[in-house]
Amino acid sequence: GWLLMGLLKQELGLSVDMRQFFPFLALAIIADVMPLVGINRAIVKTGLEMMQSSSLSPFVLIRDFLNRSAISSEDIAFQIAPRINSAGRLEDASIALEFLLADTTEKAYHQFELLTALNTLRKETEAQTTAEAMVHVHNDQSIIVVAGEHWNEGVVGIVASRLVNHFQKPAIVLSIHNGIAKGSGRSIGKVDLYALIKSQEHLLAKFGGHKMAAGLSMSSDHVDAFREGINEAAKGVNPSDFIPHNEIVGELEHEMINFQLLELLERFEPYGEGNPRPRFLIRNADVVAVKLFGSDQSHSRLELRPSRVSQKTLEFIAFRRTLDCPEDKKISCSYTVNKNEWGGRVSIQLMVERIF
């Protein structure tokens with residue numbers, strides 16, 4: 001949309017500062033999980049800086065809501081984008097549009113409250129649908145295909161992502177309404193999900209997407225044949241393509257995890273799709289304690305001792321995951337080093353990525 005506006009400006013010989021839209025553009029690029037490389041990266045970096053000083057009502061509210069010294073791409077990805085996206089998923093995207101076009105902080109606040117309520121409902125709907133979908137998973141198949149009557153179409157893509165993370169294999173989640181199965185798929189590693197879906201196009205009413213994510217619809221009578229067909233096609237995929245791209249930079253000594261490291265990592269922001277935050281490995285650490293937290297006890301806090309020769313421990317956070325203490329009280333996992341700002345206090349937060 002922004003590029004089209006730029007071309008129209010050029011053709012019509014208009015004088016319009018295209019940079020003024022960078023904050024909106026940065027929001028869109030992050031919320032649509034576009035790769036943060038090339039021009040996208042430059043726009044997001046500048047757009048986030050402009051958000052920090054924008055007098056436009058939605059960005060004033062976003063700053064107040066986040067209450068951080070600087071807005072990061074991850075703040076937008078995890079705090080703001082889900083609220084904006086929830087409008088189109090559950091109700092009507094115009095609710096989000098009215099927030100972004102709000103000309104007063106009162107209007108922005110009102111719309112943001114609606115988006116927050118919708119996002120809460122989205123999380124509840126997503127959790128319930130994920131639990132139901134888990135029951136239908138055929139664990140012996142390399143591509144998960146699950147379908148359910150009247151699952152909310154707005155959350156099936158997120159549910160597919162949850163299944164991918166849990167089972168470490170591509171997943172397609174379909175909602176059945178009036179004999180039509182419609183849904184979304186998410187891939188992993190180098191598996192070309194679009195090509196696999198296309199191999200079954202004789203069973204589909206329509207489909208579209210790309211290598212990592214796709215949408216599709218078919219008669220509900222075709223779901224079983226589609227599941228069998230796509231798994232048969234997946235036998236031709238190189239097994240190594242199913243391995244996630246969780247590239248690990250290396251291992252860090254306890255004393256290396258400090259604010260100097262955090263400052264170094266911040267120089268490479270914005271992080272996101274195509275430019276992931278560096279992952280590090282902690283190997284065979286002693287598990288001192290595992291505690292659940294949050295209003296619904298859905299997050300985990302781990303206290304780990306990296307070395308038996310030292311009494312020093314590190315705290316790790318696993319959001320949206322309930323973890324148990326392993327029987328041998330040992331754990332190996334990849335993690336990222338993040339900045340945590342709360343009540344004006346800045347601290348280092350270690351976030352669990354994947355447990356091995």
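This is a dialogue about reading helix packing, burial and backbone angles in a predicted model.

Me: When two helices lie against each other, what describes the way they are packed?

Reply: Two packed helices are described by the angle between their axes and the distance between the axes. In this predicted model, take helix 4, residues 57-66, and helix 7, residues 105-135, which pack at an angle of about 60° with their axes 8 Å apart. Helix 4 and helix 7 are therefore oblique to each other, and their crossing is right-handed. On the side of helix 4 the contact is made by Ser57, Pro58, Val60, Leu61 and Phe65, and on the side of helix 7 by Thr105, Ala108, Tyr109 and Phe112. Sorted by class, this contact of helix 4 with helix 7 holds seven nonpolar residues, two polar ones and no charged ones.

Me: Which residues of helix 4 and helix 5 meet, and at what angle do the two helices pack?

Reply: Helix 4 and helix 5 pack at an angle of about 120°, with their axes 12 Å apart. That makes helix 4 oblique to helix 5, and the crossing is a right-handed one. Ile62, Phe65 and Leu66 of helix 4 meet Asp75, Gln79, Ile80 and Arg83 of helix 5. By class, this contact of helix 4 with helix 5 has four nonpolar residues, one polar residue and two charged residues.

Me: And how is helix 2 placed, oblique or roughly perpendicular to helix 5?

Reply: Start again with the angle and the distance: helix 2, residues 22-31, and helix 5, residues 73-90, pack at about 85°, and their axes are 9 Å apart. That makes helix 2 roughly perpendicular to helix 5, since angles of 65 to 115 degrees count as roughly perpendicular. Helix 2 brings Leu27, Ile30 and Ala31 to this contact, where they meet Ser73, Ile76, Ala77, Ile80, Ala81, Ile84 and Asn85 of helix 5. The classes here are eight nonpolar, two polar and no charged residues.

Me: How many residues of helix 2 are buried, and what do they pack against?

Reply: A residue counts as buried when its relative accessible area is under 20%. Seven of the 10 residues of helix 2 are buried, so this helix is largely enclosed by the rest of the structure. The buried residues are Phe22, Pro23, Leu25, Ala26, Leu27, Ile29 and Ile30, and they pack against helix 1, helix 3, helix 4, helix 5 and helix 6. You can read helix 4 in the same manner: Ser57, Pro58, Phe59, Leu61, Ile62 and Leu66 are buried there, and the buried residues of helix 4 pack against helix 2, helix 3, helix 5, helix 6 and helix 7.

Me: What can I learn by following a single residue in a strand, such as Thr336?

Reply: Thr336 is found in strand 10, residues 330-342, and is buried, with a relative accessible area of 5%. Leaving aside residues up to four places away in sequence, Thr336 touches Arg277, Pro278, Arg279, Gln349, Leu350, Met351 and Glu353. The side chain of Thr336 also makes a polar contact of 2.8 Å with the side chain of Asn338. Asn338 lies in strand 10 as well and counts as buried at 12% relative accessibility. With the same sequence limit of four places, Asn338 touches Glu74, Leu262, Arg277, Ser347, Ile348, Gln349 and Met351.

Me: Where does the backbone take a positive phi, and where is there a cis peptide bond?

Reply: Most residues other than glycine have a negative phi, and most peptide bonds are trans. Here His150 has a positive phi near 60°; it is found in the loop between strand 1 and helix 8 and counts as exposed at 53% relative accessibility. Gln168 has a positive phi of about 55°, and its place is in the loop between helix 8 and strand 2; Gln168 is partly exposed, with a relative accessible area of 30%. Just after helix 2, Val33 takes a positive phi of about 50°, and Asn67 takes a positive phi of about 50° just after helix 4. As for the cis peptide bond, Glu269 and Pro270 are joined by one, with omega about 5°, and Pro270 has its place in the loop between helix 11 and strand 7.

Definitions and conventions:
Residues numbered from 1 in each chain as written. Predicted model: local features only at pLDDT ≥ 70, side-chain atom pairs only at ≥ 80, totals over all residues. Heavy atoms only, no water. Axes fitted to C-alpha atoms, helices over the stretch in contact; angles between N-to-C directions. Helix = DSSP H or I, 4+ residues; strand = E, 2+ residues; numbered from the N terminus. Parallel < 35°, antiparallel > 145°, perpendicular 65-115°, else oblique. Left-handed = near helix turned anticlockwise from the far one by under 90°. Contact = heavy atoms within 4.5 Å. Nonpolar A, V, L, I, M, F, W, Y, C, P; charged D, E, K, R; others polar. Buried < 20%, exposed > 50% of the residue type's maximum accessible area, 1.4 Å probe, protein only. Polar contact = N/O pair within 3.5 Å; in protein donor to acceptor, adjacent residues only side chain to side chain.
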